[in-house]
Amino acid sequence: MNLLAELRSRLRQALVSFTDSPESFVEMLKPTTDSKFGDFQANCAMPLAKQHKQPPRDLALALIAKLDVADLCDPPEIAGPGFINLRVKTDRLATETALLCRDERLGVTAVSRPRTYIVDFSSPNVAKPMHVGHLRSTVIGHALYRVLKFLGHNVLSDNHVGDWGTQFGMIIYGFKNFRDQAAYDQAPVAELARLYRLVNQLSDYHEQVANLPKLQQQIPVLEQAATAAQRLAAATPADKDAARHARRADQDLVAGRDAITSAEKKITEVQSRPELKALAEAHPQIAELARRETAKLHAGDVENKRLWDEFVPQCLAALETVYQRFGVKFDMTLGESWYNPMLAGIVDELKQKHLAVESAGATCVFIEGNDAPFIVQKADGAYTYATTDLATIRHRIETLHADASLYVVDSRQGEHFQLLFATARKMGYDQAEFRHVSFGTVLGDDRRPFKTRSGDTVGLESLLDEAIQNARKIVDENSGHLSDEERGRVAELVGIGAIIYVDLHHNRDSDYVFSWEKMLATNGDTATYIQYAYARVCGILRKGEVDVAALRLSDAPLLLNSPAERVLALQLNAFSQAVADVAVDYRPNLLTQYLFETANVFARFYDQCTVLKEPDSDIRTSRLLLCDATARVLKQGLELLGIGVTEQM
RNA sequence: GUCUCCGUAGCUCAAUUGGAUAGAGCGUCGGCCUCCGAAGCCGAAGGUUGCAAGUUCGACUCUUGCCGGGGACACCA
């Protein structure tokens, strides 16, 4: 039984004589913030009292009189301004826990009305190797996918890869002009990645060379503006606008100088290397030519399409190896190219419905309240990712019959999704839920957003390798009892688990600072801590040669005589709620938090209650039941997050 | 200029969406292995939640203003 849900349901019944809309008050029943207040607290008496113009404690008293929880709780107590504190009867907790220990799904009941969810995550550009910037989408999306599925929903994961954009023009251009055939034969994807970087760098070089004079000319202007603004601000100290302008002008000047430094750096990088310089000089129009290759591909050029057909499967296969290491599987990988045939139809429909209009040569949808247009066709006739995303929505709703579509994408794309969803609703797709499950940026040590262009980005593969290597060192120090092969397997679980956990345990809205130290940590609030707790429970069951199947089949009672046992039992009963909470607002960190607490509560239990050495056989059996259930909760919970466990480490 | 997000312990982050004394981890200091796995447990120090007003029984959370920072803003996805 989900105790919280049950108590809320009881409260709902009690509330009918106090309010017509009990739901918001029902949700004010929560686990206590401090165990001295009992197990659950209802905070609804205060706001209700206000509605009824009564003293809150009086209202709390009246509410308690209507609240039928005698079978579940000790008599409710009123505390402070009108908090109602509930403490679950220990014998009732014991019988509930006994049931939980026998339940295959650990108290998590499947939803009564399953929905069809599409979870859209990871979605890298197939032309470039994945880097740490792709971590969050992949890891968060995968966790949500597994949680929703476990809750009984019908869930499809979709990797909406970028396989049709300008980057392929660059690769094709690079392939035609710069390829190292031997390198390509040996490691095609690496060679393609090199070609992409090369073409990108050369295009960038010419752009910077062209831009630099303009940037330099601007400096005196900016300097003048800054001094003038400062003078004005100094002359009128009370004028806040003047002060703000002065600061702004200062910032603009700094930004202008930074732009020059950055441009100069890019230019010298090419010029300082003769072979690069020669290539740059030989290909002055490279950016335009690469764009033309893209256009030819889109127009159906035979040669470019042949190259594309050759490249894409190899790129996808390379991505697949990374996903395998993370244990991620997609139900579909429908990239941009897949929607290509539908794009013209989308634009036609938008025009027909008078949703799209022409503006400056481009076809745009304007959403009231937004200055920026939603461009569905560029002036040159090319479609954009806006068009693709609309086609994707149509497919998901008309063919896949999705009730909800989750886009696990960087928060920087918030405006795009706002416009996308608004446009989709105008097109008539207004029944389904569209949700941008946004997440914050991964920052560098300098607290600045991780830049992909800088060249210093950490590849996802090397991140994994490093984590596993580091874990291996720690495993070697700690696990003399394991064979070489077993240690390798454990190091992989620990290393990859650490990475996944670091990402998931942050609130997804927050930015977080990438740090090797934290990525590799195996103590504290980490996956390793929980995996270790799991291994310790398994150690008990193994040493005791416990037949867990028989144990679960037995009708042995749960005995909760010591505080540590009671706390553990309560914690295990909260599993179903923790899983459900993740799905409410798509927040996996609620589950990492729960699992860390569970492991922590178990560690205290482990410290305070002997199991195998317990002389009283009833108590021993009861504790073994708790151990078994703890192991299963930890394992199930970590697996929902995409993290594996091992019985020995 | 418009829009948007953020500011919490030395560091990295939470805070059940308005609840009781703001919590974890790391780091620091101090205890605990003749006892089921010490990758562990227990304890201590560490805070004017950027600043100022307001809303109310009650504010990290909501409102306004200010300070500081990130990000997005017409043809890249």
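Start with the surface near RNA strand B, where "near" means that a residue has a heavy atom within 4 Å of the strand. By class it holds 31 nonpolar, 21 polar and 27 charged residues; Ala, Val, Leu, Ile, Met, Phe, Trp, Tyr, Cys and Pro count as nonpolar, Asp, Glu, Lys and Arg as charged, and the others, Gly among them, as polar. You're looking at a predicted model, where local features need pLDDT of at least 70 and side-chain atom pairs pLDDT 80 or more, while totals for chains, interfaces and linings use all residues. Residues are numbered from 1 along each chain, chains are lettered from A, and side-chain values use heavy atoms, without hydrogens or water.

Now select everything around the RNA: 79 residues surround strand B, and the closest are Lys36, Glu336, Lys378, Lys518 and Lys543.

Next, click on helix α25 (residues 589-608), which gives the largest share of this surface, eight residues. Helices here are DSSP runs of H or I, at least four residues long, numbered from the N terminus.

Zoom in on some polar contacts (pairs of N or O atoms within 3.5 Å). At Tyr606, a polar backbone atom sits 2.5 Å from a base nitrogen of RNA strand B. Over at Arg587, a side-chain N or O atom is 3.0 Å from a base oxygen of the strand.

Last stop: select helix α10 (residues 240-271) and helix α11 (residues 274-282), whose axes, lines fitted to C-alpha atoms over the stretch in contact, come within 6 Å and cross at roughly 105°. So α10 and α11 are roughly perpendicular, a label for angles of 65 to 115 degrees.

Terms used
Axes fitted to C-alpha atoms, helices over the stretch in contact; angles between N-to-C directions. Helix = DSSP H or I, 4+ residues; strand = E, 2+ residues; numbered from the N terminus. Parallel < 35°, antiparallel > 145°, perpendicular 65-115°, else oblique. Polar contact = N/O pair within 3.5 Å; in protein donor to acceptor, adjacent residues only side chain to side chain.
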